[in-house]
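Here is a short report for someone meeting this structure for the first time. It goes from one helix to the sheets, then to a single residue and the cavities.

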Amino acid sequence: MATQAAFLARFPQVAQRSRDRAGAPARVGVVGRSPKGVAAVAAVARGVRCRASLIEPDGGRLVELVAPEEGGRREALRREAAALPHRVRLGRVETEWLHVLSEGWASPLRGFMRESEFLQALHFNAIRGDDGSMANMSVPIVLAVDDAQRRAIEASGARRVALVDARDRPLAVLSDIEIYKHNKEERIARTWGTIARGLPYVDEAITNAGDWLIGGDLEVIEPIKYNDGLDQYRLSPAQLREEFARRNADAVFAFQLRNPVHNGHALLMTDTRRRLLEMGYKNPVLLLHPLGGFTKADDVPLSWRMKQHEKVLEEGVLNPESTVVAIFPSPMHYAGPTEVQWHAKARINAGANFYIVGRDPAGMSHPIEKRDLYDADHGKKVLSMAPGLERLNILPFKMRTLAKNRQSPPDGFMCPGGWKVLVEYYDSLALSEGSSKLREPVAA
């Protein structure tokens with residue numbers, strides 16, 4: 001059994017950041033639970049400051065962009081959108097980004113990026129707030145239009161456009177708009193570190209997109225729904241915060257995945273909770289948060305992943321009382337260390353103050369060459385240095401690191417004999433580098 005001291009030795013940044021965090025948060029809303037342990041919340045609190053007992057979102061409050069039901073605002077906005085002369089039709093990925101923005105995952109963003117925000121995200125991986133603080137924002141959240149649309153909008157002098165779905169139904173209004181050049185090559189090179197052909201998100205959402213970008217302030221008519229039988233899992237940051245408060249969570253640790261949960265995942269998540277308890281937290285809660293937006297063709301489809309996650313809870317592999325399963329609506333870039341910052345930042349806005357990261361997060365194979373596109377260790381290293389993520393405790397777990405340092409894995413991770421073989425293998429590598437050289441601990 002690992003001790004608290006051993007945990008803090010492995011993750012010294014946690015010791016520095018985790019003082020004075022005892023005490024249960026107050027309830028912030030009424031939450032019910034379905035038979036499968038997934039929260040269902042009747043309404044979303046709009047624009048309220050979050051309770052101090054959970055980590056504050058970027059900018060101090062969630063920026064929620066869905067029109068309120070009260071006062072007839074939704075119907076009025078729907079009529080306004082229908083009457084606007086200019087419409088921008090959203091595809092699948094653009095609708096997913098609309099969903100992300102509408103619920104505050106990208107707080108403090110208030111809409112699709114204008115040029116200044118786009119350039120900051122592209123070159124600094126962060127945007128500056130009104131108060132001068134820097135919020136991490138490592139991927140551009142932008143909306144493309146073609147040249148004909150640009151000319152028509154600019155010729156009319158319009159300051160507002162309607163955003164509509166594939167069937168021309170209004171979804172939102174974009175106001176105080178700005179149109180600027182979509183430099184695709186620069187965007188791709190900065191985001192992925194390569195312009196090689198075959199990048200899945202580029203093929204899906206950039207290559208055939210318009211040569212101009214349109215940004216502005218968003219007001220979304222109503223919550224985005226997919227009617228695919230999974231909407232009950234799509235909890236907004238406000239809903240997640242309410243659920244964490246209902247469970248009296250004093251720490252929230254998030255784990256993102258885009259594939260089924262296997263025993264190694266489960267053991268690491270369970271071990272993380274145990275270690276947080278040893279540190280003095282009373283009720284750390286796991287946010288098991290599969291990505292639900294665009295993924296490449298060879299990833300397991302979301303519906304099948306959610307069925308598998310349900311079984312993981314039903315069969316007790318993870319404890320339903322200390323686990324919240326929800327869908328993260330973002331599309332997947334496969335942009336490695338750049339994208340993993342976005343994944344971590346979004347979980348801050350949902351209330352997570354710990355983020356588990358493993359090998360090659362958000363990575364993929366090189367689309368042309370037979371190698372990984374990114375160094376497998378760079379994701380966790382970048383997260384520990386990224387601007388705007390200083391408040392987030394990064395928990396890097398890596399099986400090979402434990403073996404190299406002759407540390408034991410969580411119970412059940414691997415049979416003892418098999419683990420001993422791995423330790424001996426890494427010992428042999430160290431000896432081959434020179435018996436006179438002392439073995440140095442491998443950074444976690």
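Pro237, Ala238, Gln239, Leu240, Arg241, Glu242, Glu243, Phe244 and Ala245 are the buried residues of helix 9. Buried means under 20% relative accessible area, exposed means over 50%, and partly exposed lies in between (1.4 Å probe, protein chains only). Helix 9 spans residues 237-246, and 9 of its 10 residues are buried, so the rest of the structure largely encloses it. Asn248 follows helix 9 and has a positive phi, near 55°.

This is a predicted model, in which local features need pLDDT of at least 70 and side-chain atom pairs count only at pLDDT 80 or more, while totals for chains, interfaces and linings use all residues. Residues are numbered from 1 along each chain as its sequence is written, and side-chain values use heavy atoms, with hydrogens and water left out.

**The whole chain**

The protein chain has 15 helices and 14 strands. Both are DSSP runs numbered from the N terminus: helices are H or I with at least four residues, strands are E with at least two. Of its 444 residues, 54% count as buried. Take the contacts (heavy atoms within 4.5 Å) between residues at least 6 apart in sequence: 77% of them join residues at least 24 apart.

**Two sheets**

One open sheet has 5 strands in the order 3-7-8-9-6, with mixed pairing. Two strands pair if DSSP finds at least two bridges between them. Strand 3 and strand 6 stand at the edges with a single partner strand each, so one side of each has no neighbour in the sheet. Helix 6 packs on this sheet and touches strand 3, strand 6, strand 7, strand 8 and strand 9. Its direction makes about 90° with that of strand 8. Such angles run from 0 to 180 degrees between N-to-C directions; axes are lines fitted to C-alpha atoms, for helices over the stretch in contact.

At the start of helix 6, a side-chain oxygen of Asp146 comes within 3.2 Å of the backbone nitrogen of Ala148. Just after helix 6, Gly157 takes a positive phi of about 70°.

A second open sheet of 5 strands runs in the order 12-11-10-13-14, with parallel pairing. Its edges are strand 12 and strand 14. Neighbouring strands here are turned by 25° against each other on average, direction ignored. Helix 10 lies across strand 10, strand 11, strand 13 and strand 14, at about 165° to strand 10.

Here is one strand pair from each sheet.

| Strand pair | Sense | Bridges | Partner residues |
|---|---|---|---|
| Strand 7 (160-164) and strand 8 (170-181) | antiparallel | 5 bridges | Leu163 and Ala172 |
| Strand 10 (251-257) and strand 11 (284-290) | parallel | 7 bridges | Gln256 and His289 |

**A buried arginine**

Arg114 sits in the loop between helix 4 and helix 5. Its relative accessibility is 16%, so Arg114 counts as buried. Leaving out residues up to four places away in sequence, Arg114 touches Ser175, Asp176, Glu178, Tyr180, Gly215, Gly216 and Asp217.

**Cavities**

How many cavities of 30 Å³ or more does the structure hold? There are 4. A cavity is a set of points on a 1 Å grid over the protein atoms alone where a 1.4 Å probe fits but cannot get out; lining residues have an atom within 4 Å of a point. Grid points are joined across faces, edges and corners, and a volume is the space filled by probe spheres set on the points.

The largest cavity holds about 100 Å³ of space. Its lining includes Val93, Glu94, Trp97, His182, Arg187 and Tyr201. Helix 4 gives the largest share of that lining, 3 residues.

Conventions. A polar contact is a pair of N or O atoms within 3.5 Å; within protein, one must be able to donate a hydrogen and the other to accept it, and residues adjacent in sequence count only if both atoms are side-chain atoms. On a 1 Å grid over the protein atoms alone, a cavity is a set of points where a 1.4 Å probe fits but cannot get out, and a pocket is an open set with protein on both sides within 12 Å along at least five of seven lines; lining residues have an atom within 4 Å of a point.
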